[in-house]
Amino acid sequence: MNIFELKKDNLRVNLIALFVLILFVFLGYRLVNLQIMNRGMWRALAQGQQTFFTESQGTRGEIYFQGKNKLVPAAVNEPTVFCFASPQKVKDKKKTAETLSGILDLEEKELLEKLSRRGQYAALQHDLSKKKADKIKSLDLDGIFLQQEHTRTYPQESLASQVLGFLPADKKGQYGLEEYYNKQLKGHRGFLKGEKGSGGNLIFNEQSTLRQGSDLTLTIDYNIQYFAQQLLKKAAEDLNIRGGSIIVMNPNTGEVMAMANYPNFDPNKYSEAEMKTYKNGAIQNLYEPGSVFKPLTMSAALNEDVVTPHTTYTDTGKVEVGGYTIKNYDEEVWGETTMTEVIERSINTGAVFVEQQLGHQKFLDYLEKFGIFEKTGIDLASETHSENNSLKNGYASTYATASYGQGVEVTAIQLMRAFSALINGGRLVKPHVVKNIDKEAINPPKQRRVISKETSSQITTMLVSAVENGLCSRAQVPGYFVGGKTGTALISWTSLGKKKKGYSDQTWESFMGFAPAFNPKFIALVKLDNPDTGVAGYSATPMFQKLAKYILNYKGIVPTKQ
């Protein structure tokens, strides 16, 4: 080998070495570029091919009743199955649509349209039954997936159904708490992250941007609510009531312990119920309360010092007002009578006398203070009220009949709020059914003062006397002082849906009572629509007595009466 050939071989080796060096430098540069300098970009591209996001809703907050020693579920979320598609993964769209149509009970055309969309996600059907889910799973269809989600259930069925409301398919709460607190209950919208697993399967493995809705803890006591509903159910059987409501509340705080209505419905099967049963009669039905209204009239006059509990007048059994004759119940004549006896004996002419001493404008002023012309603001959907314009623009006879609760419209919750002020020292409270939102307590403050503490003490004593010595004696509970008042009012034809003036022979019958009388832990209203008895003393009053006895025992309230 000569020198020329040796130099030629060295040149070849050097060129190869140089090429290899350049190659390694290039590869090194690419690796640095890919793994370090542009790492974020390439990772995003990879995730874009392997990961997708779909907007979804966080789990709805749950609702709980109070119990004896623990909370009782009222509205909860049960796991169910959701079927969806990844259209890009569906190989034979027409055949898949045809197969799913029979299982999901959907039109083949509708399914085909969904499977033909662009993108990686198309919702097919929520709340699948186990049978449907198992069938789809067994078919192992390309691009069709099942995911667990939750559906709303009401474990106590019809218990407090009008208080709770229900959740339809569009997940927007309807009626009651589900509607009023929908914003707080509904889960916050966010993005559900899915990834392609082995074989191209879609796997949901992260819900970091979804937030659950708030839980509600109620003031409603499961056991008192159940007892109240059983009382109404029995009244339907024994007294043939057309409808009815029972409210139990703490008169000092406004916490509602029970709000029962008859008839009611099962929110799990709301679509099978009549729409009229969705209505919460305790806050949505207007009615004329009758003589249970007399203590409001009396307390206003006491507060203005125009009468005292011992003021007397002479009852002749009837009184002429504005060309109309107003008579007592059963046309009784009582002669010389005190104001306490007016409440004890529920004397209509006595209530008219009191209103006349007070004066029409003062009477209206106090009804306004008691909240008769406004909503209570209770935290439930669709509360109603009456402006009572016929009373505001009325005649002397209109004021006279309103003094004993005929010709003035209220809801049961309005009357309860007003009556609570009579016995709690004179202030209105705000009725409410939610105690906590998550862990945050709801404590509405007492509202305006209506009557003085002295007046409150006077009217409380008179109401106790009505139970001890008067027509309300069936409300007595052994071992306790109980206060209260009956109310029987004729139902107007318009309230019965008739285009006719005047009143029918049907009645609203009610009893408003409280115990222990001089330190009340609860106030309760029993209101019945046209029971067979015809008078509240034989219908609503005995029902209140049973309810009061149960609550006093259930709450372990020590007897105060020897």
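This short talk covers how helix H3 packs against two other helices, and then the cavities of the structure.

Please keep in mind that this is a predicted model, in which local features need pLDDT of at least 70 and side-chain atom pairs count only at pLDDT 80 or more, while totals for chains, interfaces and linings use all residues. Residues are numbered from 1 along each chain as its sequence is written, and side-chain values use heavy atoms, with hydrogens and water left out.

Let me begin with the helices, which, like strands, are DSSP runs numbered from the N terminus (H or I and at least four residues for a helix, E and at least two for a strand). Two packed helices are described by the angle between their axes and the distance between the axes. Here the axes are lines fitted to C-alpha atoms, for helices over the stretch in contact, and angles run from 0 to 180 degrees between N-to-C directions.

Helix H3, residues 93–104, and helix H4, residues 108–115, have axes that come within 8 Å and cross at roughly 130 degrees. The two helices, H3 and H4, are therefore oblique to each other, given that angles under 35 degrees count as roughly parallel, over 145 as roughly antiparallel, 65 to 115 as roughly perpendicular and the rest as oblique. Where they meet, with contact meaning heavy atoms within 4.5 Å, H4 contributes Glu 108, Leu 111, Leu 112 and Leu 115, and the residues from H3 include Leu 100 and Leu 104.

H3 also packs against helix H5, residues 130–139, at an angle of about 160 degrees and with the axes 10 Å apart, which makes H3 roughly antiparallel to H5. In this contact Thr 99, Leu 100, Ile 103 and Leu 104 of H3 meet Lys 132, Lys 135, Ile 136 and Leu 139 of H5.

Turning to empty space, how many cavities of 30 Å³ or more does the structure hold? There are two, where a cavity is a set of points on a 1 Å grid over the protein atoms alone at which a 1.4 Å probe fits but cannot get out, and lining residues have an atom within 4 Å of a point. The largest has a volume of about 40 Å³, and among its lining residues are Gln 162, Tyr 175, Tyr 278 and Leu 380. The second largest cavity has a volume of about 30 Å³, and helices H11 (294–303), H12 (339–345) and H13 (348–358) each supply at least two residues of its lining, the largest share, three residues, coming from H11.

Definitions and conventions:
1 Å grid on protein atoms, 1.4 Å probe; cavity = no way out; pocket = protein on both sides within 12 Å on 5 of 7 lines; lining within 4 Å. Points joined across faces, edges and corners; volume = space filled by probe spheres on them.
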